[in-house]
Amino acid sequence: MAGTMGHRLAELIAEYEVPGAALAYLHDGQVHEFAAGVLNTDTGVETTTDSLFQIGSVTKVWTATMLMQSVERGELTLDTTVAEVLPEFKVADPEVTKTVTIRHLLSHTSGIDGDLFLETGRGDDCVEKYVAACADLAQNHPLGVTQSYCNSGFTVAGRILEKLTGKTWDEVLRERIIEPLGLTHTATLPEDVLRFRAAMGHVEGGKTAPVWGLMRSAGPAGLICARPADVVAFARAHLEGGLLDDPQAMWEPQADVPNPHTLGKQWGVGWILDEWDGRRVVSHGGNTIGQHAMLWLVPDTGTIVCVTANGGHSGAFTKAVATELFAELDGLTVPPTLGPPQTPVQVDVARYAGVYERAGSRMTFTERAGEEGGLRLLMEPTGPLAALQGPEEIDFVPVDEVTFVGRRKGDPDWLSAVFYQLEDGAPYVHLGARATPKRG
């Protein structure tokens, strides 16, 4: 695939209905770049290798890296409490307010119900204002007992950097990562992105997204825009040095992921950890409004891959690119997405039926009648993002006693849900990297 990538990338974006994509990878010390399709279906501007895509939550690894720089400088430790650096920090649970640590934030184990997408303006105080608004955030689960993806925790982490430096998160990013690594095509603010070709997101039906990007307060959790080659250069510094004395400290497992079928088996410090053919893989993905990015790094082989897309069946697309590319470059088998079992499995699904809810999402599982059985999920977005996405129904079939898979209508990608209990017996479902408690 490496040799024919230009041609293959064009074939894959057509297959997965992706308007445009860009790819960069490092192999045997050489960086290779490819692009296909268009940045915006309304304008027809073609995708080039120097086009900027929104890398979304891949940004979280950059924020975690800057905090690890502060750890190496002796300014704090991973077990420093948030309150020690931000005395004004507050969430709904007073005990969590006092005891939640930087480690909890960077490993998604804080339990803070963290899908708060809040517009706090375009000013340099937007992250500070966002952290003040976290005072009402409840607990999704008790502190430290399981893993649940928490966007808010990374905006709080970005505020810690601002407090330590007296500068905005964007400025710290520029001074600590963008400039030292010589990244010429990386930016966070729209007025800087406008200096380059920039991808527009596309949503259901291939239409351009109703807005270009997320609010500025989401910066430390997901606002970097970059060409894939710049993202590869960032990841390369984690392999070869240039940002941290000990980048491998970020690869130390911090938490097991209850649903290992979605992103990876464990969470490190910022990075997601997995294993392919017995080799360690560190990665992160990102989604914004109609845009998607994936970054993979295989320390044993030194291969790094970053692929970006601006719509379509983007998750299945990036998985397909990785599957072909890693097989050719490293002889590695990317584990296939978990799908239905060949022989139907009989499970008593009644115990899982009910309403599961957290900030931003209400999920109602009901038993499905008929031979197939299984569960039907009604997924209803709540809060500010509800206007961008309506409710949807997905049918799930059991793979084993606790694991179910289903897919959206017309989507080739399978979603997995794992039902489990905390030590105190509280029932949860782990879906989309988040733990959601059963409410009724």
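How many bridges pair E3 with strand E5 (residues 225-226), and in which sense do these strands run? In this predicted model, E3 and E5 are joined over two bridges, and the sense of their pairing is antiparallel. One position at which the two strands face each other can be named, since Gln 54 is found opposite Cys 225 of E5. The pair belongs to an open sheet of three strands, which follow one another in the order E3-E5-E4 with antiparallel pairing. The edges of this sheet are formed by strand E3 (53-54) and strand E4 (186-187), each of which pairs on one side only.

A second set of pairings is centred on strand E1 (20-27), which is followed, after a loop, by strand E2 (30-37). E1 and E2 are paired in the antiparallel sense over eight bridges, and among the residues involved is Ala 21, whose bridge partner in E2 is Ala 36. Together the two strands make a hairpin in which two residues lie between them. E1 also pairs with strand E11 (residues 303-309), again in the antiparallel sense, over six bridges, and here Tyr 25 has Val 305 of E11 as its bridge partner.

The surroundings of E1 can be described residue by residue. On one side of the strand, Gly 20, Ala 22, Ala 24 and Leu 26 are all buried, and on the other side Ala 21, Leu 23, Tyr 25 and His 27 are buried as well, so that both faces of E1 are covered. Because eight of the eight residues of E1 are buried, the strand is largely enclosed by the rest of the structure.

The turn of the hairpin presents another setting. Asp 28, which is located in the loop between E1 and E2, has a positive phi of about 50°. With a relative accessible area of 65%, Asp 28 counts as exposed, because this value lies over the 50% cut-off. The side chain of Asp 28 is nevertheless joined to the side chain of His 27 by a polar contact of 3.5 Å, and His 27 is one of the buried residues of E1. Between the C-alpha atoms of Asp 28 and Thr 59, which are 31 residues apart along the chain, the separation is 26 Å.

Attention now turns to charged side chains, among which the structure holds 24 salt bridges. In one of these, the side chains of Lys 163 and Glu 88 meet at 3.2 Å, from N to O. This pair links distant parts of the chain, 75 residues apart, with Lys 163 placed in helix H7 (residues 151-165) and Glu 88 in the loop between helix H3 (82-85) and helix H4 (94-99). Lys 163 is partly exposed, having a relative accessible area of 36%, and Glu 88 is likewise classed as partly exposed at 44% relative accessibility.

Another salt bridge is formed by Arg 159 and Glu 128, the closest N and O atoms of which are 3.8 Å apart. It also connects distant parts of the chain, since Arg 159 lies in helix H7 and Glu 128 in helix H6 (residues 126-133), 31 residues apart. The two partners fall into separate classes of accessibility: Arg 159, at 11%, is buried because its value is under 20%, whereas Glu 128, at 41%, is partly exposed. The helices that carry these residues pack against each other at an angle of about 130°, with 9 Å between their axes. H6 and H7 are therefore oblique to each other, and their crossing is left-handed.

In a further example, Arg 351 and Glu 401 form a salt bridge in which the closest N and O atoms are 2.4 Å apart. Both residues are in loops, and the pair links distant parts of the chain, 50 residues apart: Arg 351 lies between helix H12 (314-330) and strand E12 (354-358), while Glu 401 lies between strand E15 (392-398) and strand E16 (403-406). Arg 351 is partly exposed, with a relative accessible area of 41%, and Glu 401 is also partly exposed, with a value of 43%. Elsewhere, Arg 8, Glu 11 and Glu 324 are joined into one network by salt bridges that share partners.

Notes. Residues are numbered from 1 along each chain as its sequence is written. This is a predicted model: local features need pLDDT of at least 70, side-chain atom pairs count only at pLDDT 80 or more; totals for chains, interfaces and linings use all residues. Side-chain values use heavy atoms; hydrogens and water are left out. Two strands pair if DSSP finds at least two bridges between them. Helices (H or I, at least four residues) and strands (E, at least two) are DSSP runs, numbered from the N terminus. Buried means under 20% relative accessible area, exposed over 50%, partly exposed in between (1.4 Å probe, protein chains only). A polar contact is a pair of N or O atoms within 3.5 Å; within protein, one must be able to donate a hydrogen and the other to accept it, and residues adjacent in sequence count only if both atoms are side-chain atoms. A salt bridge is a side-chain nitrogen of Lys or Arg within 4 Å of a carboxyl oxygen of Asp or Glu. Axes are lines fitted to C-alpha atoms, for helices over the stretch in contact, and angles run from 0 to 180 degrees between N-to-C directions. Angles under 35 degrees count as roughly parallel, over 145 as roughly antiparallel, 65 to 115 as roughly perpendicular and the rest as oblique. A crossing is left-handed if the near helix is turned anticlockwise from the far one by less than a right angle, and right-handed if clockwise.
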